[in-house]
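Me: I should like to go through the terms used to describe this protein and ask what justifies each of them. Please set the values against the definitions as we proceed.

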Amino acid sequence: MPFNTALTRKLGIRVPVVQGGMQWVGYAELASAVSNAGGLGLLTALTQPTPEDLRKEIRRCKTMTSNPFGVNLTLLPALVPPDYAAYARVILEEGIRIVETAGNSPGPVIKQLKAANPPCVILHKCTTIRHAMSAVKLGVDFLSIDGFECAGHVGESDITNFILLSRARQSLGVPFIASGGFADGQGLAAALSLGAEGINMGTRFMCTVEAPIHENIKKAIVEAEETDTELVLRRWRNTTRLFANKVTKDAVKIERESTTGKFEEIAPYVSGKRGRQVFENGDKDFGVWTAGQVIGLIHDIPTCSVLVKRIEKEAAETLSKTASLLVDEVPAGDIVGKSIKDPSANPTSEHGAVGKGVNNPEAQVWGIGKSKL
């Protein structure tokens with residue numbers, strides 16, 4: 001049963017699930033598979049070395065799906081930044097009208113994308129309500145609200161999605177989707193209940209058959225727990241959540257113990273080039289790579305089709321179950337009480353009984369005092 005949300009209506013997709021843009025992962029194989037499954041697949045623009053390479057990847061993706069797909073364009077600080085305007089121009093020239101933007105100072109790129117005929121639908125990723133409000137002024141169509149649970153850049157506020165999504169519902173005048181910590185239909189149902197129009201998933205889609213990364217990395221995700229991530233670069237206010245492998249832990253140690261605070265000390269450990277090689281050679285400890293806390297919820301490596309259908313089914317069942325919790329009359333309680341005169345009703349605990357003229361040992365532990373109770 002298709003979902004009817006602002007996201008599905010606007011994009012023409014069956015299930016309100018977006019595959020997040022991921023460096024070295026967002027190729028045509030994955031994006032087309034997600035779109036074919038009924039969600040929205042995204043190519044990652046900067047995974048392609050040049051705008052013309054992006055053009056080739058867009059055309060390749062078109063041969064693999066007839067359903068809507070989009071492109072992620074992330075603007076990151078760099079000494080020599082990519083030609084973002086050229087990437088945006090290729091996106092428009094190839095007829096793509098769905099773009100996920102993220103990063104610093106997106107105004108010029110968003111203006112360029114919105115000036116197209118027809119204009120692009122923009123999904124902009126934010127980690128704070130303040131940044132989201134700024135993006136609204138730029139004319140974005142949807143906000144992708146990134147909770148602290150997410151992989152990659154988590155911001156500096158440390159606000160998890162349970163609070164962040166409710167703040168978005170209270171404060172924003174445009175529809176939003178939820179990102180960070182989502183892997184199943186129960187999560188989708190929860191996000192919809194909190195006011196979101198859909199969800200964005202990155203790490204979960206990394207662990208699918210079509211994800212173009214080494215099988216060993218997918219297995220590492222399946223075997224991991226929710227505690228197997230680390231935050232790095234906090235000292236430089238560029239906090240990033242990474243998989244907690246040996247290189248990441250070494251980087252964290254240097255960051256915490258450095259007396260100089262020079263980025264040069266940690267730079268070799270957080271090299272993106274080594275991270276890319278992880279996905280190619282399958283050595284999870286070769287370099288740093290991003291992963292969200294959601295790794296604790298991932299237990300298999302399905303196809304995108306199986307995954308999206310499962311999410312659709314779980315969400316529908318969860319929403320139906322939630323609706324059934326409302327009844328016409330207050331149900332009778334299951335608890336049967338005992339008379340206070342019944343000796344078995346006298347409260348006791350493993351620490352001792354509370355009786356007449358007896359000190360309460362638990363009260364003393366909590367600093368209530370030693371007076372007779």
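Reply: One definition is needed at the outset: axes are lines fitted to C-alpha atoms, for helices over the stretch in contact, and angles run from 0 to 180 degrees between N-to-C directions. With that in place, helix 11 (residues 246-257) lies across strand 10 and strand 11 and runs at about 35 degrees to strand 10. The model is a predicted one.

Me: What is the overall make-up of the protein?

Reply: The secondary structure consists of 14 helices and 13 strands. Of the 373 residues, 47% count as buried. The C-alpha atoms fill a box of roughly 85 × 60 × 40 Å along the principal axes.

Me: What makes strand 10 an edge strand?

Reply: Strand 10 belongs to an open sheet of three strands in the order 7-11-10, with antiparallel pairing. Strand 7 (152-153) and strand 10 (229-232) each pair on one side only, and these are the edge strands.

Me: How do you know that strand 10 and strand 11 are paired?

Reply: Pairing requires at least two bridges between the strands. Four bridges join strand 10 to strand 11 (residues 240-243), and the two run antiparallel; the requirement is therefore met. One of the bridge partners in strand 11 is Arg-241, which stands across from Leu-231.

Me: Why is strand 6 called largely enclosed?

Reply: Five of the five residues of strand 6 (residues 142-146) are buried, so the rest of the structure largely encloses this strand. Phe-142, Ser-144 and Asp-146 point one way, Leu-143 and Ile-145 the other, and all are buried. In a regular strand the side chains alternate between the two faces of the sheet. Strand 5 (residues 121-126) runs parallel to strand 6 and is joined to it by four bridges, with Leu-123 opposite Phe-142.

Me: Why is Asn-200 called buried?

Reply: Buried means under 20% relative accessible area. Asn-200 has a relative accessibility of 4%, so the residue counts as buried. Asn-200 lies in strand 9 (residues 199-201), and its side chain makes a polar contact of 3.0 Å with that of Glu-100. Beyond its neighbours within four places in sequence, Asn-200 touches residues including Lys-125, Ser-144 and Phe-182.

Me: Why is Arg-276 called partly exposed?

Reply: Partly exposed covers the range between the 20% and 50% limits. The relative accessible area of Arg-276 is 32%, so this residue falls in that range. Arg-276 lies in helix 12 (residues 272-281) and, leaving aside neighbours within four places in sequence, is in contact with Trp-24 and Tyr-27.

Me: What makes Arg-55 and Glu-93 a salt bridge?

Reply: A salt bridge requires a side-chain nitrogen of Lys or Arg within 4 Å of a carboxyl oxygen of Asp or Glu. The distance from N to O for Arg-55 and Glu-93 is 2.8 Å, so the pair qualifies. Arg-55 lies in helix 3 and Glu-93 in helix 4, so the bridge ties together parts 38 residues apart in sequence. Arg-55 is buried at 13% relative accessible area, whereas Glu-93 is partly exposed at 47%. Glu-93 also forms a salt bridge with Arg-89, with the closest N and O atoms 4.0 Å apart. Both Arg-55 and Glu-93 belong to a network of salt bridges, which also includes Glu-52, Arg-59 and Lys-62.

Me: How do you know that helix 4 is mostly covered?

Reply: Seven of the 10 residues of helix 4 (residues 84-93) are buried, among them Tyr-84, Tyr-87 and Leu-92. The buried residues pack against helix 3 (51-62), strand 3 (69-75), strand 4 (98-103) and helix 5 (107-114).

Me: Why is Glu-314 said to have no salt bridge?

Reply: The nearest side chain of opposite charge, that of Arg-310, is 4.3 Å away. The cut-off is 4 Å, so Glu-314 and Arg-310 do not qualify. Glu-314, in helix 13 (residues 304-323), is nevertheless buried. A polar atom of its side chain lies 2.7 Å from the backbone nitrogen of Gly-185.

Key. Residues are numbered from 1 along each chain as its sequence is written. This is a predicted model: local features need pLDDT of at least 70, side-chain atom pairs count only at pLDDT 80 or more; totals for chains, interfaces and linings use all residues. Side-chain values use heavy atoms; hydrogens and water are left out. Buried means under 20% relative accessible area, exposed over 50%, partly exposed in between (1.4 Å probe, protein chains only). Lys and Arg count as positive and Asp and Glu as negative; His and the chain ends are not counted. A polar contact is a pair of N or O atoms within 3.5 Å; within protein, one must be able to donate a hydrogen and the other to accept it, and residues adjacent in sequence count only if both atoms are side-chain atoms. Contact means heavy atoms within 4.5 Å.
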